[in-house]
Amino acid sequence: MKLAVIGTGYVGLVSGTGFSELGNDVICVDKIKEKIEQLNNNQIPIYEPGLEELVRKNREAGRLSFTTDLKAAVKASDLVFIAVGTPESPSGAADLSYVYGVAEEIGEALDHKYKVIVVKSTVPVGTSEEVERRILMKNPDANIDVCSVPEFLREGSAVHDTFHPDRIVIGARTEKAANLLVELHSPLTDKIITTDPRSSEMIKYASNAFLATKISFINEMANICDAYEADIQAVAKGMGLDHRIGPKFLNAGIGYGGSCFPKDVKALKHLAEEKNYHSKILQAVINVNDKQSDRMIEHFDDIFGDKVEGLTVGMLGLAFKPNTDDMREAPSLKIIPKLLERGVHVKAYDPIARDNAQSLLPQEVKIVGSLTEAIQDVDALFLVTEWEEFLSLSPAELKALMKQQVVIDGRNAFDRDALKQEGFIYRGIGRK
Ligand SMILES: NC(=O)c1ccc[n+]([C@@H]2O[C@H](COP(=O)([O-])OP(=O)(O)OC[C@H]3O[C@@H](n4cnc5c(N)ncnc54)[C@H](O)[C@@H]3O)[C@@H](O)[C@H]2O)c1
Ligand SMILES: O=c1ccn([C@@H]2O[C@H](COP(=O)(O)OP(=O)(O)O[C@H]3O[C@H](CO)[C@@H](O)[C@H](O)[C@H]3O)[C@@H](O)[C@H]2O)c(=O)[nH]1
């Protein structure tokens, strides 16, 4: 099939490349000229394991190309995917200006040939219908179906997730469009659900909200464990063995970050409020998450008391999770200012996100180029992102480098018992 994918970010680039790998002809479009130039030179503007090889292979096979010319891409395609950003607006609602901007441009590009327009961006219920309305406003004779096919990939494992999805959700209002989309996705999985666009849009928000709820729930349990000296790791294991609960997404820590959960939970809450439904659960999920990264600071203050000024903290990890360069809503951005405010010096290291982090952090933060430098002579280590590289260090190696033996583990990822045996003061989340 011939596809155009509008928006060549984390979602558009990965899913567009994935569709080309399946044998389709894909044109990826972005309005940022430099991004398209980079991609036309086989340079990948984001860090995503496995993506570079796949882009190169499919470009060379002539199935994948990159352009800023939206109109030409739309004209050449049978299916047009919208994968632009839907960031948080000041009210908490999803900002749909990019989606609607693209809809209008598509409207201007269409002729009378039948096309399926697919909203892949995460959008509020009813957006696909509004996209159709805006296209038809620009072009009343357009011969289109507008569908919703939300994306469920995770950053850091986006390529894997694209080829091994748990499910594909197709929201279509005609059988013709649904059949075309089932045909396109059937090489990926047989778990394809077809429904109406509104339910499909809601499935995406409800899924993210449920996962975020699981995280805030386990974080709240961890905070209670801290108060009673129980161990959240044991609690999560004991809970997760119940098949109705399941073991995944029960890692307590410093809260969820990233480009999706924070904004999507708020957007869903806002959506409900527009219909006068005030969600108590979503509000609680947000409240717990807003406070959770403070746990590291509380441990720090508890250990050092009022003698924190002039100490140096080595911060391991800046990205919102490992295997990505994405700094959007990263807990490190909340924790670092609180340390600086206390007169603490911060040295930070992240193997991939350090360039993206530089412009987002205050100048006083020293972003170093190696793990050893981040650990050398520090009074305390903060584990903020659980990159594998960090976990390979033995307690003896850490001890040899550090000034004082204090580890505050925001991800419960270090070996607590081994650190304690080496004489460290260790604090995790819910592991007192
Ligand atoms: N990042 C994820 O892991 C993920 C996963 C699932 C769903 N989503 C959703 O997918 C959508 C896209 O997310 P993302 O992380 O890929 O965003 P992104 O910011 O990485 O990429 C969006 C791209 O769209 C481009 N763009 C904006 N307006 C355009 C226009 N008029 N014409 C052409 N290009 C235009 C931007 O330049 C940018 O490159 C969002 O709705 C998000 O919530 C994201
Ligand atoms: O047990 C857990 C699992 C995750 N997290 C945190 O939750 C955030 C999100 O993690 P993850 O879901 O792995 O990353 P994303 O790339 O943000 O992916 C989520 O958001 C995407 C955008 O909508 C969806 O497509 C994915 O299905 C959904 O998992 C990160 O800060 C993690 O550190 C925890 O604290 N504890």
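In the predicted model, ligand 2 is surrounded by 20 residues, of which Glu 155, Asn 251, Tyr 256, Gly 258 and Cys 260 come nearest. Sorted by class, this shell comprises 10 nonpolar, six polar and four charged residues. Helix α9, spanning residues 197-228, gives the most to the shell around ligand 2, with three residues. Residues of both domain 1 (2-195) and domain 2 (204-291) enter the shell, and ligand 2 therefore lies between these two domains.

The domain assignment of the chain divides it into domain 1 (2-195), domain 2 (204-291) and domain 3 (293-427). The centres of domain 1 and domain 2, taken over C-alpha atoms, are separated by 29 Å. Their contact draws 12 residues from domain 1 and 11 residues from domain 2. On the side of domain 1 that touches domain 2, seven residues are nonpolar, three are polar and two are charged.

The surroundings of ligand 1 were examined in the same terms. Ligand 1 has 27 residues around it, with Gly 7, Gly 9, Val 11, Ser 121 and Thr 122 as the closest. Two elements, α1 (10-21) and α5, give two or more residues to this shell. The class composition of the shell around ligand 1 is 12 nonpolar, 10 polar and five charged residues.

Helix α5 (residues 97-109), which contributes to the shell around ligand 1, also packs with helix α6 (residues 127-138), the two axes coming within 8 Å and crossing at roughly 40°. An angle from 35 to 65 degrees falls outside the parallel and perpendicular ranges, and α5 and α6 are therefore oblique to each other. The crossing in which α5 passes α6 is right-handed. On the α5 side, the contact is made by Val 99, Tyr 100, Ala 103, Glu 104, Ile 106, Gly 107 and Glu 108. The α6 side supplies Thr 127, Val 131, Arg 134, Ile 135, Met 137 and Lys 138. Taken by class, the contact of α5 with α6 consists of seven nonpolar, two polar and four charged residues.

Helix α9, which gives three residues to the shell around ligand 2, packs with α11 at an angle of about 115°, with the axes 9 Å apart. In this pair, α9 passes α11 in a left-handed crossing. Tyr 205, Asn 208, Ala 209, Leu 211 and Ala 212 of α9 make the contact with Phe 261, Asp 264, Val 265, Ala 267 and Leu 268 of α11. The contact of α9 with α11 has eight nonpolar residues, one polar and one charged.

Helix α11 (residues 261-274) packs in addition with helix α12 (residues 280-292), at an angle of about 150° and with the axes 10 Å apart. Because angles over 145 degrees count as roughly antiparallel, α11 is roughly antiparallel to α12. The crossing of α11 and α12 is left-handed. In the contact, Val 265, Lys 266, Leu 268 and Lys 269 of α11 meet Leu 282, Gln 283, Val 285 and Ile 286 of α12. Five nonpolar, one polar and two charged residues make up the contact of α11 with α12. Val 265 and Leu 268 of α11 thus appear both in the contact with α9 and in the contact with α12.

Technical notes
Residues are numbered from 1 along each chain as its sequence is written. Chains are lettered from A and ligands numbered from 1 in the order in which they are written. This is a predicted model: local features need pLDDT of at least 70, side-chain atom pairs count only at pLDDT 80 or more; totals for chains, interfaces and linings use all residues. Domain bounds come from an automatic or database domain assignment. Two residues are in contact if their C-beta atoms, placed from the backbone, lie within 7 Å. Ala, Val, Leu, Ile, Met, Phe, Trp, Tyr, Cys and Pro count as nonpolar, Asp, Glu, Lys and Arg as charged, and the others, Gly among them, as polar. A residue is near a molecule or strand if its C-beta atom, placed from the backbone, lies within 6 Å of it. Helices (H or I, at least four residues) and strands (E, at least two) are DSSP runs, numbered from the N terminus. Axes are lines fitted to C-alpha atoms, for helices over the stretch in contact, and angles run from 0 to 180 degrees between N-to-C directions. Angles under 35 degrees count as roughly parallel, over 145 as roughly antiparallel, 65 to 115 as roughly perpendicular and the rest as oblique. A crossing is left-handed if the near helix is turned anticlockwise from the far one by less than a right angle, and right-handed if clockwise.
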